[in-house]
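Subject: Structure for you to look at

Hello,

Here is the structure I promised to send over. Please open it alongside this message.

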Amino acid sequence: MTRFRWKLLEPDERDVLLLSESINVSLPVARALCNRGIATYDEARSFFRPSISGLSSPFLLKDMERAVARVQDALRNGEKILLYGDYDVDGTTGTALLYLFLSEQGAGVSYYINDRFTEGYGLSPEGIAFAEQEGVTLIITVDCGIRADEAIGRCRQSGIDVIVCDHHEPHELPPAYAILNPKVPFCTYPFRDLCGCAVAFLLVQALAATLGTGEESWARHLDLVAIATAADMVSLEKENRILVNEGLLRIRRSPRQSLKSMLSVMGVDAGVMTMYNIAFGLAPRINAAGRMQRAQLAVEWLMSSSEESSRRSAEELERMNLLRREIDTDMFLKAEGMVAGHFASYCSSIVLYDENWHLGVLGIVASRMLEKYYLPTVIMGSMNGRIKGSVRSVEGLNVYEVLQQCGDLLDQFGGHNQAAGITLRPENLVAFRKKFDEICSQLLPPERRQKELLIDSKLALEEITANFMNVLEQFSPYGYGNREPVFMSSRLVLAGRPKLLKEKHVKFAVRDRNGRMFDVIGFDRPDIYRVLEASPMSVFSLAYSLEKRNWNNREYWQIRLRDIMYLSS
């Protein structure tokens, strides 16, 4: 019945005890903190009380002083500045952030974002030609540029300086005027895992300090940095935790007009904005612009201060996202139908191709297939006589290294250990599918083909108190690098009968030893309902997270089921 491999984490109990005593929390909470590398009073204080004062100086980024001086020259001389952003959430929010700040300083600024389908990722020949035609003398990239050697070389020949704001891993550095990236050699910025928008934000911070525009001139854009950080799946630790926390507070207290309009369309109250609302609400709608049409629409919406125009743009993004959902649902259903035949020959991976599949949603479908089947997945469509695909991988399998071994069959590939993109010729498809599966078969033993569920601590239901929940709530915001705490309770039995909601969600109740009742909700787990309905006297263990709920002005705690382990009847 278990969907996951349960792994109970076991931090050093001496550290757990010392932390529990020093900050006055229960042992399960202390274990959850230690599992996140937090073992001292000061570390816990920084975790629970993230403050903007905890950010490092932007001038610790290598080349920051040089970048600031060049922008100052451009402002002083009335030069034309072009912001060159990527078409995803990270690139569009960073582009909007820089545009708004530089416009406030009187800059002659414009922006350019590639067409995902005709230009692809990075600085394109079309984009550079646009800059040359417009008489641009300074380009600032956002979330791209670190590997654009040839394009930046062309810019130099045309008399255009380039400042790169990027966060991707560098190879050989391009010939840019300045490179702002915490991952480049000899950079002294202490936190490496910023997103591209956050790097652009540091440039704005440094410019504000130099120009004397005051803290609010950069702090007002923390909402955009929070959205980008949450959407780009960078680790929510240290500085990212500060940026997201501060940005969420700003959205809750005083959202900008564009966010007001979108949240109204979504039916979400800004006052209770969460990471979930960003990851599964705002981010897909922003990305829908570049996936379905043109990413410029997302930038226009983000920068809009008019209620009418921001509402119009929000509704258009909503329409695009609904269309995107229809397309990826159809693709997912077709991909599911292809899997059975595929597994007849290949059982260690999923590599599917349909020439009619929409290139803008390949990655979404690949992620959904990975979530369902938990195997390395490649979903491919066709464009201009070539096959293009998105690749997603399971934990512990570096798919970039797998693609390197398949390099002789690929025209292009790029990405990182969990996600990548590929281009190949149709005549190489069969050989690629076979080789990819063979390599995955060698690297993926059977025990790693079931997703691992990390459990922070055993927990007796009696330990769930108001104080416990108040402390637990302070672990948020959750996301990559700061997962929601998961606990395990054993030897539980049903209290009443289970229910099946909407034919797919299971709901039931359990009691603690004091007779308190806890509701349990398990989303998309009809399998659990069937087992509990057939064996109502069964004894089981639950792996779960906890959430506070309100109903009829009554506050209560609900168990959100992650998995169940059947013990006996």
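Below are notes on one sheet, then on some ring contacts.

Keep in mind that this is a predicted model.

The sheet
It is an open sheet of five strands. The order is β7-β8-β9-β11-β10, and the pairing is mixed. Strands β7 (350–353) and β10 (412–415) form the edges, and each pairs on one side only. On average, neighbouring strands are turned by 15° against each other, direction ignored. Look inside the sheet at β8 (residues 377–383) and β9 (residues 386–392). These two strands run antiparallel and share seven bridges. I379 has S390 in β9 as its bridge partner.

Aromatic pairs
The whole structure holds 13 aromatic pairs. One of them joins Y99 and Y111, with ring centres 6.0 Å apart. Their planes stand at 85°, over the 60 degrees needed, so the pair counts as edge-to-face. Y99 sits in helix α5 (residues 89–104), while Y111 belongs to strand β3 (residues 108–113). The two residues are twelve apart in the chain. Y99 is partly exposed, at 23% relative accessible area. Y111, at 18%, is buried because the cut-off is under 20%. Elsewhere, ring pairs link F47, F48 and F475 into a cluster.

Charges over rings
There are two arginines to check here. R66 lies over the face of Y177, 3.8 Å from the ring centre. R368 has its charged end over the ring of F332, at 4.1 Å from the centre.

Best wishes

Note on methods:
Residues numbered from 1 in each chain as written. Predicted model: local features only at pLDDT ≥ 70, side-chain atom pairs only at ≥ 80, totals over all residues. Heavy atoms only, no water. Pairing = 2+ DSSP bridges. Helix = DSSP H or I, 4+ residues; strand = E, 2+ residues; numbered from the N terminus. Axes fitted to C-alpha atoms, helices over the stretch in contact; angles between N-to-C directions. Phe/Tyr/Trp six-rings, centres within 6.5 Å; stacked < 30°, edge-to-face > 60°. Buried < 20%, exposed > 50% of the residue type's maximum accessible area, 1.4 Å probe, protein only. Lys NZ or Arg CZ within 6 Å of the ring centre and 35° of its normal.
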